[in-house]
Amino acid sequence: MKQLSRPARRAHLVVHVAVSVGWLGLTLGLLTLSVTGYASESPDTTVAAYRAMKIFSDWLLIPVALLTLVSGLIVSLGTPWGLARHRWIVVKFWLTLATVLLTAFSLRPGIDRLAADAVAGTPDTGLSMVAAPSVATATYFFVTAISVLKPWGPTKRGSRLRAAQSAEVRERARKRPSGAVS
């Protein structure tokens with residue numbers, strides 16, 4: 001993919017960070033609502049918490065998850081970071097892809113069932129819907145941490161590309177006349 005211009009790269013990075021943080025916040029909200037529904041002594045509070053989870057799930061969960069994935073791909077493919085040059089990006093990509101799929105095929109249907117049961121008068125009082133947002137929140141915190149800390153260094157591909165770029169720069173410098181100024 002062609003490298004993004006500096007303004008485009010910055011704009012895409014802002015979008016990616018904003019939706020990623022939004023996804024983390026949304027998941028924290030879902031966790032808060034699920035704990036409230038689980039721990040409440042009031043059936044009305046439980047129903048309200050689970051119905052609120054459904055509203056967030058219906059309107060925000062999938063779009064925010066997909067936008068996080070797509071914006072991350074654009075940023076990685078359109079910048080020198082690349083998608084497979086650094087281990088932390090590879091880990092972040094696979095965790096994001098896995099959580100998008102789990103969100104679409106497990107979390108969202110689980111929230112739908114939880115809300116339907118609550119409205120029907122038989123709210124789930126088990127920890128099932130506390131566990132999913134807990135794991136998701138922990139995963140997003142981990143992904144955020146590796147985005148900031150950038151651990152683990154380059155992949156083998158990234159090392160080869162870096163070595164090739166360094167050799168190319170050395171070759172250009174060698175060919176430049178000794179009195180030339182860049």
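Trainee: Which pattern does the chain follow, read along the sequence?
Mentor: This is a predicted model. The chain holds 5 helices and 0 strands. Read from start to end, the pattern is α-α-α-α-α.

Trainee: What radius of gyration does the chain have, set against a compact globule of 182 residues?
Mentor: Start with the spans. Along its principal axes, the C-alpha trace covers about 85 × 30 × 20 Å. A compact globule of 182 residues would have a radius of gyration near 16 Å, but this chain has 22 Å.

Trainee: What percentage of the 182 residues is buried?
Mentor: Buried means under 20% relative accessible area. Look at the surface too. The chain exposes about 11000 Å², and carbon and sulfur atoms supply 67% of that area. The buried share of the 182 residues is 31%.

Trainee: Among contacts with a separation of 6 or more, what share comes from residues 24 or more positions apart?
Mentor: A contact needs heavy atoms within 4.5 Å. Count those with a separation of 6 or more, then take the residues 24 or more positions apart. Their share is 77%.

Trainee: How far apart are the mean positions of the positive and negative charges?
Mentor: The chain carries 21 positive and 8 negative charges. Take the mean position of each set. The two means lie apart by 26 Å.

Trainee: How many aromatic pairs does a search of the whole structure find?
Mentor: A pair of aromatic rings is described by the distance of the centres and the angle of the planes. The search covers the whole structure, and the number of aromatic pairs is 3.

Trainee: Is the pair of Phe93 and Trp94 stacked or edge-to-face?
Mentor: The ring centres of Phe93 and Trp94 are 5.0 Å apart. Their planes meet at 70 degrees. Angles over 60 degrees count as edge-to-face. So the pair of Phe93 and Trp94 is edge-to-face.

Trainee: Is Trp94 buried or exposed?
Mentor: The relative accessible area of Trp94 is 53%. The cut-off for exposed is over 50%. Therefore Trp94 is exposed.

Trainee: Which class fits the pair of Phe142 and Trp152?
Mentor: The ring centres of Phe142 and Trp152 are 6.5 Å apart, with planes at 40 degrees. Stacked needs under 30 degrees and edge-to-face over 60. The angle falls in neither range, so the pair is tilted.

Trainee: Where do Phe142 and Trp152 lie?
Mentor: This pair links distant parts of the chain, 10 residues apart. Phe142 is in helix H4, residues 128–149. Trp152 is in the loop between H4 and helix H5 (156–175).

Trainee: Which accessibility class do Phe142 and Trp152 fall into?
Mentor: Phe142 has 37% relative accessibility. Trp152 has 42%. Values between the 20% and 50% cut-offs count as partly exposed. So Phe142 and Trp152 are each partly exposed.

Trainee: What phi does Lys150 have?
Mentor: Most residues other than glycine have a negative phi. Lys150 lies in the loop between H4 and H5. Trp152, in that loop, has a positive phi of about 80 degrees although it is not a glycine. Lys150 is not a glycine either, and its phi is positive, about 50 degrees.

Trainee: Is Thr96 buried or exposed?
Mentor: Thr96 sits in helix H3, residues 87–119. Beyond four places in sequence, Thr96 touches Trp23, Thr68, Leu69 and Val143. Its relative accessibility is 10%, so Thr96 counts as buried.

Trainee: Which residues does Thr27 contact, leaving aside neighbours within four places in sequence?
Mentor: Thr27 is in helix H1, residues 6–39. It is buried, with a relative accessible area of 2%. Its contacts are Pro133, Ala136, Thr137 and Tyr140.

Trainee: What distance separates the C-alpha atoms of Asp124 and Tyr50?
Mentor: Asp124 lies in the loop between H3 and H4. Leaving aside neighbours within four places, it contacts Tyr50 and Leu114. Asp124 and Tyr50 are 74 residues apart along the chain, and their C-alpha atoms are separated by 9.5 Å.

Trainee: Which residues does Asp112 touch, not counting those up to four places away in sequence?
Mentor: Asp112 is found in helix H3. It is partly exposed, with a relative accessible area of 25%. The residues touched are Lys54, Ser57 and Asp58.

Notes:
Residues numbered from 1 in each chain as written. Predicted model: local features only at pLDDT ≥ 70, side-chain atom pairs only at ≥ 80, totals over all residues. Heavy atoms only, no water. Helix = DSSP H or I, 4+ residues; strand = E, 2+ residues; numbered from the N terminus. Rg over C-alpha atoms; globule rule 2.2 N^0.38 Å. Buried < 20%, exposed > 50% of the residue type's maximum accessible area, 1.4 Å probe, protein only. Areas by Shrake-Rupley, 256 points an atom, 1.4 Å probe, with all protein chains shown as cover. Lys, Arg positive; Asp, Glu negative; His and termini not counted. Charge placed at Lys NZ, Arg CZ, Asp CG, Glu CD. Phe/Tyr/Trp six-rings, centres within 6.5 Å; stacked < 30°, edge-to-face > 60°.
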